[in-house]
Amino acid sequence: MKKDQEKVPVGLVMEVSGASYIVVSDDGTRYRCRTFPGTKTENGDSSLVAVGDRVELKMIETGTALSEAAITLVLPRHSALTRKRDVRRNRSKEKVQVIAANIDQLVVVVSAIDPPLSTRLIDRYLVFAESEQMETVIVVNKMDLDDFKETRELMEPYHALGYRIVYTSAEEQRGMKALEKVLKGKLSAFSGHSGVGKSTLINQLSGQERLRTGETNMKTGKGLHTTTNSVMLVLPRGGYIIDTPGIREFNLSGITRDNLRFYFREFLLWMPECSYSSCSHTVEPECGIMKAVESGSIDPDRYDSYLAIYESID
Ligand SMILES: Nc1nc2c(ncn2[C@@H]2O[C@H](COP(=O)(O)OP(=O)(O)O)[C@@H](O)[C@H]2O)c(=O)[nH]1
Ligand SMILES: [Mg+2]
Ligand SMILES: [Zn+2]
């Protein structure tokens with residue numbers, strides 16, 4: 001007979017800061033946690049604990065202002081957003097560095113203007129998300145600075161492809177209800193170019209000044225907030241969000257010249273028309289994709305993105 005009939009508390013990792021974790025157990029208790037050499041994981045040799053992980057706990061001290069616990073087991077992840085390997089910071093032995101675990105959807109934030117809307121960047125995100133089989137939402141922010149028509153024209157191909165798109169103005173609090181709706185009940189990772197309004201949107205959504213806004217390092221163009229410390233925010237109307245670094249920090253090693261064509265969803269229909277089964281759709285004669293571009297069935301900008309990404313992969 002099992003001696004210990006007590007239920008093991010399970011919780012969600014809300015914050016990572018160095019080797020210390022904030023975990024909220026399913027009964028709502030907040031714990032400051034650490035791992036120990038006996039901590040087990042069901043996720044191989046990727047980061048032991050990341051924001052979004054579900055973990056089993058063993059109490060160390062309770063009843064104080066912030067209860068303390070040890071993480072005994074990290075449960076299997078259904079998805080992971082992983083970081084490009086940083087050779088300069090290769091202190092740990094982990095093979096894959098996890099930015100966030102158990103992400104349900106990637107929320108790509110762009111702005112209508114300032115910085116200008118870049119469909120090339122959107123395409124890079126969509127390729128990444130398709131390669132990871134991750135759901136996506138495209139948020140077009142700063143709509144208060146735009147007359148809508150031009151932006152809508154730029155976004156039309158994405159509507160046609162069935163991507164979910166939400167138009168917002170964090171400044172004027174427009175489109176926020178629609179955004180809340182797509183975030184509800186899910187764990188969403190926000191990503192996008194710096195300055196598009198991610199922090200402002202997240203602050204609006206969480207109803208708190210949780211993230212500092214507008215702080216961009218002029219030299220590097222990168223935000224000043226540190227990316228090593230990850231925080232998950234709970235939305236009052238349901239759902240969780242994580243602010244992530246831009247796509248430059250993501251691990252894109254799953255995308256190759258060989259499989260890139262599968263991540264442009266409109267290509268799939270035309271690929272059977274190519275005369276070579278391994279057609280790269282770049283130089284080959286009798287290419288179904290190039291014909292579809294010429295006839296207007298595939299958006300030429302999307303095809304240009306394909307070529308640009310193809311060229312950028314070695
Ligand atoms: N006009 C306008 N400005 C915005 C909007 N959202 C954010 N901003 C401004 O854009 C700048 C960058 O915003 P921030 O949230 O820091 O962007 P982040 O780098 O993506 O986190 C700040 O000065 C914000 O006040 C918006 O919807 N409309
Ligand atoms: Mg920010
Ligand atoms: Zn082809």
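Is Cys287 buried or exposed? Cys287 is buried, at a relative accessible area of 3%, where buried means under 20% relative accessible area, exposed over 50% and partly exposed in between (1.4 Å probe, protein chains only). The legends below describe a predicted model, in which local features need pLDDT of at least 70, side-chain atom pairs count only at pLDDT 80 or more, and totals for chains, interfaces and linings use all residues. Residues are numbered from 1 along each chain as its sequence is written, chains are lettered from A and ligands numbered from 1 in the order in which they are written, and side-chain values use heavy atoms, with hydrogens and water left out.

**Figure 1. The site of the zinc ion (ligand 3).** The ion is coordinated by Cys274 (SG), Cys279 (SG), His281 (ND1) and Cys287 (SG), at 2.1 to 2.4 Å. Donors are N, O and S atoms within 2.8 Å of the metal (3.2 Å for Na, K and Ca); water is not among the atoms, so sites may look incomplete. The four donor atoms subtend angles of 101 to 114° around the zinc ion (ligand 3), which makes the arrangement tetrahedral. Four donors count as tetrahedral if all angles lie between 85 and 135 degrees; four count as square planar and six as octahedral if opposite donors are over 155 degrees apart and all others between 65 and 115, and anything else is irregular. Along the sequence, the donor residues follow the spacing C-x4-C-x1-H-x5-C. His281 is buried at 1% relative accessibility, and Cys287 is buried at 3%.

**Figure 2. Helix H2 (residues 149-160) and its surroundings.** Helices (H or I, at least four residues) and strands (E, at least two) are DSSP runs, numbered from the N terminus. The expected span of a helix is 1.5 Å times one less than its number of residues. For the 12 residues of H2 this gives 16 Å, and the end C-alpha atoms are 16 Å apart, which agrees. Thr151, Met155, Pro157 and Tyr158 are the buried residues of H2. They cover an arc of only 125° around the axis, which puts them on the same side of H2; the arc is that of the directions from the helix axis to the C-beta atoms. Lys149, Glu153 and Ala160 are exposed on the other side of H2. The buried residues pack against helix H1 (119-131), strand S10 (135-141), strand S11 (164-167) and helix H6 (300-312), where contact means heavy atoms within 4.5 Å. Gly162, just after H2, has a positive phi of about 90°.

**Figure 3. The salt bridge between Glu135 and Arg164.** A salt bridge is a side-chain nitrogen of Lys or Arg within 4 Å of a carboxyl oxygen of Asp or Glu, and the whole structure holds 13 of them. In the pair Glu135 and Arg164, the closest N and O atoms are 3.8 Å apart. Glu135 belongs to strand S10 and Arg164 to strand S11, so the pair ties together parts that are 29 residues apart in sequence. Arg164 is partly exposed, at 30% relative accessibility.

**Figure 4. Salt bridges of Glu172 and Glu311.** Glu172 and Arg174 meet through their side chains at 3.1 Å, N to O. Arg174 is partly exposed with a relative accessible area of 40%, and Glu172 is partly exposed at 47%. Glu311 pairs with Arg257, the closest N and O atoms being 4.0 Å apart. Glu311 is in helix H6 and Arg257 in the loop between strand S14 (240-243) and helix H5 (288-294), so this pair ties together parts that are 54 residues apart in sequence. Glu311 counts as exposed at 58% relative accessibility, whereas Arg257 counts as partly exposed at 32%. Asp123, Glu266 and Arg302 are joined into one network by salt bridges that share partners.

**Figure 5. Surroundings of Ser230 and Ser206.** Ser230 lies in strand S13 (residues 230-234) and is buried, at 8% relative accessible area. Not counting residues up to four places away in sequence, Ser230 touches Met14, Glu15, Val16, Val51 and Ile99. Ser230 and Ala100 are 130 residues apart in sequence, and their C-alpha atoms are 8.1 Å apart in space. Ser206, in helix H4 (residues 198-206), is buried at 7%. With residues up to four places away in sequence left out, Ser206 touches Leu233, Leu235 and Pro236.
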